[in-house]
Amino acid sequence: MKTLRTVRITAGLTASLTVLILALWSCSKTASVSDPTDYQTAAKPPSEGRVQYEMEMQTQVTPYGTDRTFPYSEHSNTYPPLSIDGKRGCVLKADHYTLKTDGDGRVPLLGDIPMLGSIYGDRAGTGAAPGQLPADLAYVHADEVWVIARPEVAPSAPDEDRPGCGAMLVRRPDEEKELPLPLKHTEVNGSIAGYIATVHVTQQFHNPYDEKIEAVYVFPLPQNAAVNDFLMTIGDRTIRGIIRERKEAEQIYQQARSQGHVASLLTQERPNIFTQKVANIEPGKQIDVDIQYFNTLAYVDGWYEFVFPMVVGPRFNPPGSIDGVGAVAHGKAGISGQKTEVQYLRPGTRSGHDIALSVQIDAGVEIEQIECTSHAIRKQQADRETMTVSIAPLDNIPNKDFVLRYKVAGDRVKSALMTHRDKNGGYFTLMLYPPESLRQVKRAPMEMIFVLDCSGSMNGAPIAKAKDAIRRALRKLEPGDSFQVIRFSNNASQLGTKPLEVTEDNIRKALAYVDSLEGSGGTMMIEGIKAALDFPHDPRRFRLVSFMTDGFIGNEAQILAAVQEKLGESRIFSFGVGSSVNRFLLDRMAKLGKGAVAYIGLNDDSATAVDRFYERISHPVMTDIDIRFGAMAVADMYPSKVPDLFVGRPIILTGRFQGDAPTQITVTGRVGGQMHDITIPVDPGRPSAMHEGIAAVWARKKIEVLAMQQMYDSDSEIPEIITQTALSYNLMSAYTAFVAVDSSRVTEGDHGVTVAVPVPVPDGVRYDTTVQD
Amino acid sequence: MKAIAATAILALAIALPLFAQQGQRYQTAVPPVRFAPVHIIIDPAGKPLAAYQFELKATAGQVKIVGVEGGQHAAFRSRPPYYDPQALANDRIILAAYSTNKDLPTQAARIATIHLQITGTIQPEFELHLTVASDIDGEPIDAAITLQKGEPK
């Protein structure tokens with residue numbers, strides 16, 4: 001049995017890490033769209049090698065005003081968390097932090113940086129003399145400094161045959177030679193028209209070994225991605241993959257693999273988790289796989305949001321389950337016992353895989369503001385309505401979601417209808433915005449149930465963010481409201497046995513309880529669901545259940561079925577917390593729970609997210625919605641029953657139609673017992689009112705609705721309907737897969753060694769509490 | 001002695017056909033599944049070919065389409081043709097492509113390759129129908145379409 005094993009990391013990330021301190025940009029701040037880049041602080045964009053220090057691993061980070069001190073290498077315990085890579089550094093923000101050594105007290109490391117204050121640390125190597133500010137930082141008025149690990153030797157120019165800085169190498173047991181892993185690079189190119197994104201993802205696989213390999217890579221895509229094209233490129237030849245029933249595609253792939261043909265297979269493990277296999281990659285050869293998908297953007301509280309996930313978070317699977325998503329250490333395939341496994345890099349290692357991402361926005365109206373709290377970005381603006389945003393080259397490690405938000409001109413975005421016609425008929429999407437009049441009506445008293453995920457994956461920065469959010473939310477409760485705080489990990493417990501009235505004393509008790517909570521143990525989310533939804537309900541109050549979690553579980557179906565079963569009068573308004581949240585789970589919980597979800601990234605401000613949340617729930621919903629499309633005969637609309645409308649949260653409906661697109665749509669709904677009408681003017685002739693991806697979006701939505709129904713409906717025909725829909729529209733689903741085979745050539749030898757592509761744990765997540773090793 | 005000889009002859013008589021059968025089975029063994037391409041050639045009869053659509057259907061043998069590739073001519077090489085998923089069956093496919101290249105094929109050229117999985121020993125046979133071929137202005141071309149069976153190299 002031939003196996004590959006990890007032997008060590010390159011010199012770049014050995015025990016004696018060299019630390020590069022770069023005065024950088026603040027991507028977390030909203031920037032003027034006229035800025036050419038987001039480097040707001042440096043006179044010129046930073047480049048590697050400008051300032052270099054050596055720093056021992058024992059270097060500590062002490063948040064200003066506290067006595068808590070953490071090793072900076074334990075990034076999940078630093079505050080704010082690392083935003084670059086696990087174990088590679090930390091972000092120091094706005095005159096709140098100092099670095100100091102364990103032993104002889106503080107040693108001035110950088111001296112005083114304007115707006116950052118003094119930074120001290122262990123300065124074992126080269127760099128500025130104590131207290132003397134390096135020239136490169138002298139004029140930096142940063143409110144953020146990124147401390148980034150880098151190799152002792154400055155990286156040379158990129159070499160096709162060598163891994164990048166800190167790349168993981170693997171070695172065959174019988175060989176001395178060490179080689180990088182097969183996934184070299186991911187290139188993401190998106191274009192946004194209106195509220196629909198078209199995204200091309202190119203994964204570049206390379207075989208650095210002297211024998212053939214099969215590469216296997218588990219990766220995420222947005223949970224509403226309609227994946228409808230698949231290309232495999234070998235040299236200058238490109239083969240378009242064919243959609244097949246999953247079992248059939250898997251058989252074809254295995255047969256092609258065993259006969260020596262180059263082949264690739266794309267399967268869906270969850271709506272947001274996919275597996276890519278590429279067989280018979282010959283030594284020294286590269287094979288590219290290009291995936292195309294469409295998805296609709298979320299519109300949240302006045303901002304459009306484009307999200308591209310980069311890494312699957314380590315999931316917890318309840319004991320006894322086998323259909324989950326296992327999280328295991330690199331080289332430990334099979335130990336989780338789960339059907340799908342993600343292999344994670346050990347702390348201090350990198351795979352050499354990097355990512356480039358660029359997205360073109362054609363908003364159709366003026367883009368007023370744009371922000372990205374997850375990554376450093378560069379912007380190029382052609383005119384007021386269009387802009388190209390790309391990730392800054394230094395921020396190229398795929399260990400967190402890319403989250404880009406932009407705001408367009410106008411006090412209120414108008415509802416918009418988009419259509420597409422082909423030989424199968426007409427398709428539409430309607431983004432329906434809540435009426436302004438909702439803001440004028442006051443809400444009823446609330447019963448607020450906070451449910452905090454205290455599992456190991458939340459340990460450190462994520463739980464700190466979640467606790468901040470709960471504290472803020474508790475303070476915003478009003479007299480007449482009631483609340484409860486529930487925590488869960490291996491089991492669930494709570495502050496009290498019944499809802500507590502909002503009093504100063506009760507809020508103080510709740511704050512103390514929240515302060516005492518820490519992250520450890522498993523994620524038995526079902527316990528949290530039961531505790532929250534079975535909790536005694538006061539019928540005089542509007543009941544909201546707010547889950548605060550990263551959603552790192554592998555038993556999503558069980559959780560969603562429980563929500564469906566136990567929801568009752570509750571509404572679920574959740575917060576996804578972390579750098580790579582399981583958005584599939586949180587989005588579906590919100591939909592089943594007739595509520596909404598907001599996401600708090602590790603660089604996001606919890607207070608802002610909570611304030612927006614309260615703005616949303618501080619007004620009643622519009623219910624009993626009916627839509628009249630005029631002459632347009634609508635069929636197969638999803639969701640079939642129009643959900644309730646909340647302030648700041650539009651809904652997207654998609655369906656098929658016959659006849660002419662209307663010039664006006666009328667929406668009727670009930671607000672606080674009163675009927676309201678909204679008239680939406682439509683200009684079906686506008687080019688921006690048409691999009692070729694709408695048929696795929698419709699079919700993907702149909703599959704999503706059927707898959708949700710499948711969780712509580714044992715109708716045996718649902719899988720067949722999903723399969724036929726996916727095959728007809730060339731779409732990935734749980735029952736279909738793309739396969740591509742190069743039949744024109746047989747490679748020499750057997751099918752070679754299978755090499756799994758390990759991934760980093762998401763930024764801010766601790767390896768030791770989440771990965772089986 | 002005679003008895004021994006008779007026994008030996010009898011044993012040989014029984015064993016030889018078995019060995020022969022074994023050898024024959026070994027020599028004629030055909031993998032139950034194999035992969036091979038089919039190349040599609042269009043001859044636009046001197047006119048520049050900018051777009052086409054054709055249908056390929058297997059009339060004999062058991063085949064599955066497992067990939068679609070562009071042709072040899074530069075105008076149709078970089079981007080593989082699109083297939084109609086609603087018309088896709090195991091043994092049937094409708095393919096279409098267009099090119100905006102200035103250099104378009106005017107003579108017989110390979111414009112696509114279809115990758116197949118072939119099951120069983122029956123050699124597949126195909127029916128090929130050119131639905132449309134047109135020039136850069138969308139004017140129909142009286143073109144001929146043929147196929148060439150390939151084998152993996």
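Helices (H or I, at least four residues) and strands (E, at least two) are taken here as DSSP runs, numbered from the N terminus. With that in hand, chain B of this predicted model reads α-β-β-β-β-β-β-β-β from the N terminus on. The tour below starts with chain B, moves to a sheet that includes strands of chains A and B, and ends with some helices of chain A.

**Chain B at a glance**
- Chain B holds one helix and eight strands.
- Of its 153 residues, 41% are buried.
- Take the contacts in chain B between residues at least 6 apart in sequence: 84% of them join residues at least 24 apart.

**A sheet with strands from chains A and B**
- Twelve strands form an open sheet with mixed pairing.
- Their order is β29(A)-β30(A)-β27(A)-β14(A)-β15(A)-β22(A)-β17(A)-β18(A)-β3(B)-β6(B)-β1(B)-β8(B), so you can follow the strands from chain A into chain B by the definition of pairing, at least two DSSP bridges between two strands.
- At the edges sit β29 (377-383) of chain A and β8 (144-149) of chain B, each of which pairs on one side only.
- On average, neighbouring strands of this sheet are turned by 20° against each other, direction ignored.
- Within the sheet, β15 (residues 196-206) and β22 (residues 286-296), both of chain A, run antiparallel and are joined by eleven bridges.
- If you would like one pair to look up, A:Val201 has A:Ile291 in β22(A) as its bridge partner.
- Helix α1 (residues 246-258) of chain A packs on the sheet, where it touches β1 (33-43), β3 (62-70) and β6 (109-119) of chain B.
- The direction of α1 of chain A makes about 95° with that of β1(B).

**A mostly covered helix in chain A**
- Helix α4 (residues 525-533) of chain A has seven of its nine residues buried.
- Those buried residues are A:Met525, A:Ile526, A:Gly528, A:Ile529, A:Ala531, A:Ala532 and A:Leu533.
- They pack against strands β34 (446-453), β35 (482-488), β36 (492-494) and β38 (542-549), and against helices α5 (556-566) and α6 (583-592), in chain A.

**Two crossing helices in chain A**
- The axes of α2 (residues 461-476) and α7 (residues 606-617) of chain A come within 9 Å and cross at roughly 45°.
- The two helices, α2(A) and α7(A), are therefore oblique to each other.
- Their crossing, that of α2(A) and α7(A), is right-handed.
- On the α2(A) side, the contact involves A:Lys465, A:Asp468, A:Ala469, A:Arg472, A:Ala473 and A:Lys476.
- From α7(A), A:Ser606, A:Ala607, A:Val610, A:Asp611 and A:Tyr614 meet them.
- The residues of this contact of α2(A) with α7(A) divide into five nonpolar, one polar and five charged.

Methods. Residues are numbered from 1 along each chain as its sequence is written. Chains are lettered from A and ligands numbered from 1 in the order in which they are written. This is a predicted model: local features need pLDDT of at least 70, side-chain atom pairs count only at pLDDT 80 or more; totals for chains, interfaces and linings use all residues. Side-chain values use heavy atoms; hydrogens and water are left out. Axes are lines fitted to C-alpha atoms, for helices over the stretch in contact, and angles run from 0 to 180 degrees between N-to-C directions. Angles under 35 degrees count as roughly parallel, over 145 as roughly antiparallel, 65 to 115 as roughly perpendicular and the rest as oblique. A crossing is left-handed if the near helix is turned anticlockwise from the far one by less than a right angle, and right-handed if clockwise. Contact means heavy atoms within 4.5 Å. Ala, Val, Leu, Ile, Met, Phe, Trp, Tyr, Cys and Pro count as nonpolar, Asp, Glu, Lys and Arg as charged, and the others, Gly among them, as polar. Buried means under 20% relative accessible area, exposed over 50%, partly exposed in between (1.4 Å probe, protein chains only).
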